[in-house]
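Subject: A structure for you to look at

Hi there,

Here is the structure I promised to pass on. Please open it first, and then read my notes below alongside it.

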Amino acid sequence: MARALELARQALGTTSPNPAVGAVIVKDGEIVGGGFTQPPGGPHAEVVALERAGEGATGAVMFVTMEPCNTFGRTPPCTRALIHAGIASVHMATLDPNPRVRGGGKKELEQAGITARLGEHAQEALELNDAYVKHITTGLPLVAAKFAMSLDGKIATRRRDSRWVTGPQARAFAHRLRFWSDAVMVGVNTVLADDPHLTARDEQDNVIKAPLRVVVDSSGRTPPGARVFQGPGKTLLAVARPGLGEKYPEAELAELPAPGGRVDIEGLLSLLGKRGIIQVLVEGGGELLGSLFDRGLVDKVYAFIAPVIVGGRAAVPAVGGEGVETLAQASRLEGVHQEQLGEDLLVWGYLPGRGPSLERLPWTETAGRKTA
């Protein structure tokens, strides 16, 4: 299953709105086939693995990171392909949270005489597809907050200088986060200060993916010549004022007014979810992040911490907004991970109750106990 998870990670950022799944076929103690889900319209991981295994799939064992589908979509059901190939046993990390499938694929395999086991590396598999789990069960995208800050929590100096807080390894990982995401969101102040492209680029600065760029700009202060409107990909400008269409011919406008003349953030996330956006990477600035944290809309945090001290009362904090009144109200991340990136440290985890968990997903926990 560990190898299947490695393969699934190779599909991250390319399968949305489908999950990133990996599959491995083992026979007589050797891997005879493996693969991961292809972009929408292409074969799923199980079918790729079967094609590579060929006749070796007969009587073999498949390890797959999510329950094989038993429904018709852009591709035929994977369960039928497994049955036709003569697979003897299927080990699946977790059930598919899609209500159309949830347990149905496992049941169909068992009815065909194929042994189906559930629960190996289940938590790891759920976290790998946390955005898919959130979207398929709520219709909303997973909101991942990303910021790079100094040891004292600043993202820019009092003169708004922010290049660069972190080193090249951390910045490369940030581009990987963009690649994994369907949309990258910033506030207008970030556009005014940094004029970012918001594309995912490789080490040679080549664009490898252009997620939907979302700019939250209540009153239309974004310069029409900003780089978010240039190059590959699409840009969605979320505003609270009507009549700005002529000013921004290169962008799609979403008029989402809320009390106080600001953009309705909840409405914006709902709109993105309906468009099939399953993960939004929010890169700031501090006011937008603060607004999302204050409203309890953040699911996941990626904090890049550089070993530098900025200081200054007027320096820009990583997270603004109202904040909490007492430390007891502060959100402590769950499922925390750490990774050293050059001199910088990356800490990531989930806001309380927001991560995929065997305890919080009864359909997974119950199924896991039944097949333990």
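**What I found in the sheet**

Phenylalanine 63 has histidine 91, in strand 4, as its bridge partner. Keep in mind as you look that this model is predicted.

That pair belongs to a longer contact between two strands: strand 3 (residues 61-64) and strand 4 (residues 89-92) run parallel and are joined by 4 bridges. You can also find methionine 62 there, standing opposite valine 90 of strand 4.

How do strand 3 and strand 4 connect? Together with helix 3 (residues 78-85), they make a β-α-β unit, and this unit is right-handed.

Now turn to strand 1. Strand 1 pairs with strand 3 in the antiparallel sense, again over 4 bridges. For a place to start, try valine 26, whose bridge partner in strand 3 is valine 61.

Stepping back, what is the order of the strands in the open sheet? The 5 strands are arranged 2-1-3-4-5, and the pairing is mixed. Strand 2 (30-36) and strand 5 (115-118) are at the edges; each has a single partner strand, so one side of each is left without a neighbour in the sheet. On average, neighbouring strands here are turned by 15° against each other, direction ignored.

Finally, have a look at helix 2 (residues 45-53). Helix 2 lies across strand 1 (22-27), strand 2 and strand 3, and runs at about 140° to strand 2.

Enjoy exploring, and write back with any questions!

Best wishes

Definitions and conventions: Residues are numbered from 1 along each chain as its sequence is written. This is a predicted model: local features need pLDDT of at least 70, side-chain atom pairs count only at pLDDT 80 or more; totals for chains, interfaces and linings use all residues. Side-chain values use heavy atoms; hydrogens and water are left out. Two strands pair if DSSP finds at least two bridges between them. Axes are lines fitted to C-alpha atoms, for helices over the stretch in contact, and angles run from 0 to 180 degrees between N-to-C directions. Contact means heavy atoms within 4.5 Å. A crossover is right-handed if, with the strands pointing away from the viewer, the path from the first strand over the helix to the second runs clockwise.
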